[in-house]
Amino acid sequence: MDPATASRLADALLGLHAGIVAFNVAMPPAILLGAWRGWAWVRHRGLRALHLVSMAVVAAQALLGELCFLTHWESALRRLAGEAGYGAGFVEAWLGRLLYVEVPLAALLPLYVGWALLSLGLWWWVPPARAPAQSVKR
């Protein structure tokens with residue numbers, strides 16, 4: 001893979017990663033607000049399941065002492081692009097600053113696990129809607 005393509009793919013992966021982080025962070029407050037305001041979409045079973053699985057993956061990686069696999073993939077692409085660090089492009093510089101903080105993973109562990117447990121608790125406090133029964137045509 002040529003360096004320019006690797007750099008663009010790394011930037012795209014960083015953007016995707018930032019979107020996933022935003023989704024994971026925004027969903028619990030949105031669920032609580034939506035339950036209070038009567039928004040039906042916060043009870044969408046597929047959306048809620050996606051969020052719960054995503055948070056479970058984050059918490060599991062943290063409990064195992066591992067960085068996110070998206071971070072590993074992005075780093076590998078940056079090395080392929082010949083980039084040593086952040087600061088090359090707009091996407092890389094700004095999203096990287098927002099997404100990656102310089103603290104030990106152990107310091108983030110309670111936050112990740114706590115947010116995952118909150119997300120799990122919301123499954124019961126604001127339960128997703130049951131799937132409609134499938135009608136059988138005869």
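Start by selecting Trp39, which is partly exposed because its relative accessibility is 32% (buried means under 20% relative accessible area, exposed over 50%, and partly exposed in between, with a 1.4 Å probe and protein chains only). You are looking at a predicted model, where local features need pLDDT of at least 70, side-chain atom pairs count only at pLDDT 80 or more, and totals for chains, interfaces and linings use all residues. Residues are numbered from 1 along each chain as its sequence is written, and side-chain values use heavy atoms, with hydrogens and water left out.

**The tryptophan corner**

Now add Trp41, also partly exposed, with a relative accessible area of 42%. The structure holds 2 aromatic pairs (rings of Phe, Tyr and Trp, the last by its six-membered ring, pair if their centres lie within 6.5 Å; planes under 30 degrees apart count as stacked, over 60 as edge-to-face and the rest as tilted). Trp39 and Trp41 are stacked, because their ring centres are 6.3 Å apart and their planes meet at 15°.

Extend the selection to Leu33 and Trp36. Together with Trp39 and Trp41, these residues make a nonpolar surface patch of about 480 Å². Patches are made of residues with over 30% relative accessible area and no salt bridge, with nonpolar side chains (Val, Leu, Ile, Met, Phe, Trp, Tyr) joined within 5 Å and like charges within 9 Å; the areas come from the Shrake-Rupley method with a 1.4 Å probe, and for residues only the protein chains shown count as cover. Leu33 sits in helix α1 (residues 3-37) and is partly exposed at 37% relative accessibility. Helices (H or I, at least four residues) are DSSP runs, numbered from the N terminus.

Before leaving, show Arg37: this residue lies over the face of Trp36, at 5.7 Å from the ring centre (a charge sits over a ring if NZ of Lys or CZ of Arg is within 6 Å of the ring centre and within 35 degrees of the ring normal).

**On to helix α3**

Which two residues of helix α3 lie 4 residues apart, about one turn of the helix? Select Phe69 and Trp73. Their ring centres are 5.0 Å apart and their planes are at 65°, so the pair is edge-to-face. Phe69 is partly exposed, at 36% relative accessibility.

**The Arg78 network**

Stay in helix α3 (residues 69-80) and pick Arg78, which is buried at 5% relative accessibility. How many salt bridges does a search of the whole structure find? The search gives 3 (a side-chain nitrogen of Lys or Arg within 4 Å of a carboxyl oxygen of Asp or Glu).

- Asp11: the closest N and O atoms of this residue and Arg78 are 2.9 Å apart. Asp11 is in helix α1, so this salt bridge ties together parts 67 residues apart in sequence. Asp11 is buried at 18% relative accessibility.
- Glu74: its closest approach to Arg78, N to O, is 2.9 Å. The two are 4 residues apart in helix α3, about one helical turn, and Glu74 is buried.
- Glu83: here the closest N and O atoms are 3.1 Å apart, and Glu83 is buried.

Show Asp11, Glu74, Arg78 and Glu83 together to see them linked in a network of salt bridges.

**Last stop: Ser119**

Finally, move to helix α5 (residues 105-125) and select Ser119. Buried or exposed? Ser119 counts as buried because its relative accessibility is 5%. Leaving aside neighbours within four places in sequence, Ser119 is in contact (heavy atoms within 4.5 Å) with Pro28, His51, Leu52 and Met55.
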